[in-house]
Amino acid sequence: MKSPPKPFPYPLYVTRPFLPDLARYQERLASIWSDRWLTNKGRQHDALHDALRSFLGYDNLSLLNNATQGLCIALKALDIQGEVITTPFTFPATPHAISWNNATPVFADIDSRRLTIDPQSIESVISPRTEAILGVHVYGIPCDVEAIDQIAKRHGLKVIYDAAHVFGTRLNQTPIGQFGDVSVFSFHATKLFHTAEGGCAVSPSPALIKTIDLLKNFGIEDEENVSAPGVNGKLNELQAALGCCVLEEVQTELLSRQRVLSIYQARLASIAELELVRIPGEASNSLQYFVIRVPSRVTGISRDYLHNALRQLNIVTRKYFFPLCSTFPHYRNSLSVRIPLPKAESAASEVLALPFHGQLTDDEVHGICDAISYLMTK
Ligand code: T4K
């Protein structure tokens, strides 16, 4: 038997924010100081807006203070009030945004291979009250956008995508936010591209982005006219400046994550007891998460065992996304859960997000792989 791995002397977190060159950020802060302009669409906001439009390839883009608020605003902009079919295998923000709009999230099961919402399951929960589908491109795996589009057209539904994990993703060369009525990205600190807290909405429709722009600024048209019950969803100047700096260096972080990914793939693919969650070939990899599946039926070793044993070694993995949103107290006994969700349940009990970010050294990634290999095969 191999000797047991030693714990790391410091925690290896599931992610760490990328921090750009501090001097470059200080230059931008100096410019904010001289403008004395801290929020409400200043120069940094406009610079980030333009840079993201060209980097991501979207004409219509609205910067926001976070993706959760972005989803709430997008649903409001589409005037969604009835039922919204969504996935339970996601971060709580997804169904909560529906609830905050006084609409009802209705959970469909996921596709066991892609882990995104299953179009057949969507069809099985459509009711006369269904108004929209909210899909999540989980871990960077695109939803089956064509099937969802067809269902939406057949039933007259709106389509919203939670694009929190797909910064920069292209599907067969098309920017992922071109699909559906609107997509909402997260720029939280834990994301590849970030503004500490932040996000954006993109849409093929300029009119919809205009409505989102209005709703994120209290519905204010001008000094004397307020035309809608908006909220405060604005991205401030300090965060926009950070985003400008991160965007200038995002390629460095992408390359570093690619290095980490290559080591994981080379080392872990040979462990028969594990499955690696992979991004399908038709999509570019957003390099947001690296996730494995531990199918306990094969080995008797559970995901929870691996999670806990790694934690003892200072390797901090996360069970994204367990528990399923459909099990939360305010959803589980409600109209939200109408069908069994076996594939989502199985995924939620088997997935484990490993430390994945550009600051990990090769030795650390090899150390994580050694530990997993030891624990899975001892
Ligand atoms: N939709 C989906 C599908 C999402 O995944 C999310 C967010 C949203 C919508 C909502 O987007 P936002 O409204 O946030 O824009 C984290 C993030 O807070 C959350 O944004 C993200 N998804 C989710 C998957 O992960 P937690 O509760 O796991 O975060 P936390 O604080 O435990 O951080 C994870 C690790 O990151 C820590 O163990 C250490 C490291 N970390 C974190 C922060 C904040 C740092 O090293 N430095 C930091 O500043 O939710």
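## Arg 170 and strand S6

Arg 170 sits in strand S6, which covers residues 170–171. The model is predicted. Arg 170 counts as partly exposed, because its relative accessibility is 34% and the partly exposed class runs between 20% and 50%.

Leave out residues up to four places away in sequence, and Arg 170 touches Leu 56, Pro 175, Ile 176, Glu 282, Ala 283 and Ser 284. Leu 242 is 72 residues from Arg 170 in sequence. The C-alpha atoms of Arg 170 and Leu 242 are 24 Å apart in space.

## His 137 and its surroundings

His 137 lies in the loop between strand S4 (130–136) and helix H6 (145–155). Its relative accessible area is 1%, so His 137 is buried. The side chain of His 137 reaches the backbone nitrogen of Cys 143 at 3.0 Å.

Neighbours within four places in sequence aside, the contacts of His 137 include Thr 116, Pro 142, Cys 143 and Val 145. Tyr 161, Asp 162, Ala 163, His 165 and Val 166 are also among the contacts of His 137. Ile 176 is in contact with His 137, and Ile 176 is touched by Arg 170 too.

## Cysteines

How many disulfides does the structure hold? The count is 0. A disulfide is a covalent bond between the sulfur atoms of two cysteines.

Why is Cys 143 not bonded to Cys 325? The sulfur of Cys 325 is the closest cysteine sulfur to that of Cys 143, but at 14 Å it is too far for a bond. Cys 143 is also buried, with a relative accessible area of 1%. Cys 200 is in no disulfide either. For Cys 200 the nearest cysteine sulfur belongs to Cys 244, 13 Å away. Cys 200 is buried, at a relative accessible area of 0%.

## The two largest pockets

The largest pocket has a volume of about 540 Å³. It is lined by 29 residues, and those closest to its centre are Phe 91, Pro 92, Lys 191, Tyr 320 and Phe 321. Three helices give two or more residues to this lining: H3 (67–77), H4 (93–100) and H10 (303–312). The largest share, 3 residues, comes from H3. By class, the lining of the largest pocket has 13 nonpolar, 10 polar and 6 charged residues.

The second largest pocket holds about 220 Å³ of space. Its lining has 13 residues, with Lys 41, His 45, Asp 213, Lys 216 and Lys 234 nearest the centre. Helix H2 (43–56) and strand S1 (61–64) each supply at least two residues of this lining. The class counts for the second largest pocket are 3 nonpolar, 5 polar and 5 charged.

## Helix H7

Which residues of helix H7 (206–215) are buried? They include Leu 208, Ile 209, Ile 212, Leu 214 and Leu 215. The elements that cover the buried residues of H7 include S1 and H3. Strands S8 (182–186), S9 (199–202) and S10 (220–222) are also among the covering elements.

An α-helix has 3.6 residues a turn, so residues three or four places apart point the same way.

## The loop between H10 and H11

Phe 321 is in the loop between H10 and H11. The peptide bond from Tyr 320 to Phe 321 is cis, with omega near 10°. Pro 323 is in the loop between H10 and H11 as well. A cis peptide bond joins Phe 322 and Pro 323, with omega about 0°. Most peptide bonds are trans.

Ser 326 also has its place in this loop, which leads to helix H11 (329–332). Ser 326 counts as buried, at 6% relative accessibility. Beyond four places in sequence, Ser 326 is in contact with Pro 88, Phe 107, Tyr 331, Arg 332, Val 337 and Leu 341. Thr 327 lies in the loop between H10 and H11 too. Thr 327 counts as partly exposed, at 37% relative accessibility. Glu 345 is 18 residues from Thr 327 in sequence and 9.9 Å from it in space, C-alpha to C-alpha.

## Two positive phi angles

Most residues other than glycine have a negative phi. Asn 102 is not a glycine, but has a positive phi of about 60°. Asn 102 is found in the loop between H4 and strand S3 (104–107). Asn 102 is exposed, with a relative accessible area of 68%.

Leu 287 is not a glycine and has a positive phi of about 55°. Leu 287 is found in the loop between strand S12 (275–276) and strand S13 (290–293). Buried or exposed? Leu 287 is buried, with a relative accessible area of 4%.

Methods:
Residues are numbered from 1 along each chain as its sequence is written. This is a predicted model: local features need pLDDT of at least 70, side-chain atom pairs count only at pLDDT 80 or more; totals for chains, interfaces and linings use all residues. Side-chain values use heavy atoms; hydrogens and water are left out. Helices (H or I, at least four residues) and strands (E, at least two) are DSSP runs, numbered from the N terminus. Buried means under 20% relative accessible area, exposed over 50%, partly exposed in between (1.4 Å probe, protein chains only). A polar contact is a pair of N or O atoms within 3.5 Å; within protein, one must be able to donate a hydrogen and the other to accept it, and residues adjacent in sequence count only if both atoms are side-chain atoms. Contact means heavy atoms within 4.5 Å. On a 1 Å grid over the protein atoms alone, a cavity is a set of points where a 1.4 Å probe fits but cannot get out, and a pocket is an open set with protein on both sides within 12 Å along at least five of seven lines; lining residues have an atom within 4 Å of a point. Grid points are joined across faces, edges and corners, and a volume is the space filled by probe spheres set on the points. Ala, Val, Leu, Ile, Met, Phe, Trp, Tyr, Cys and Pro count as nonpolar, Asp, Glu, Lys and Arg as charged, and the others, Gly among them, as polar. A disulfide is a pair of cysteine sulfur atoms within 2.5 Å.
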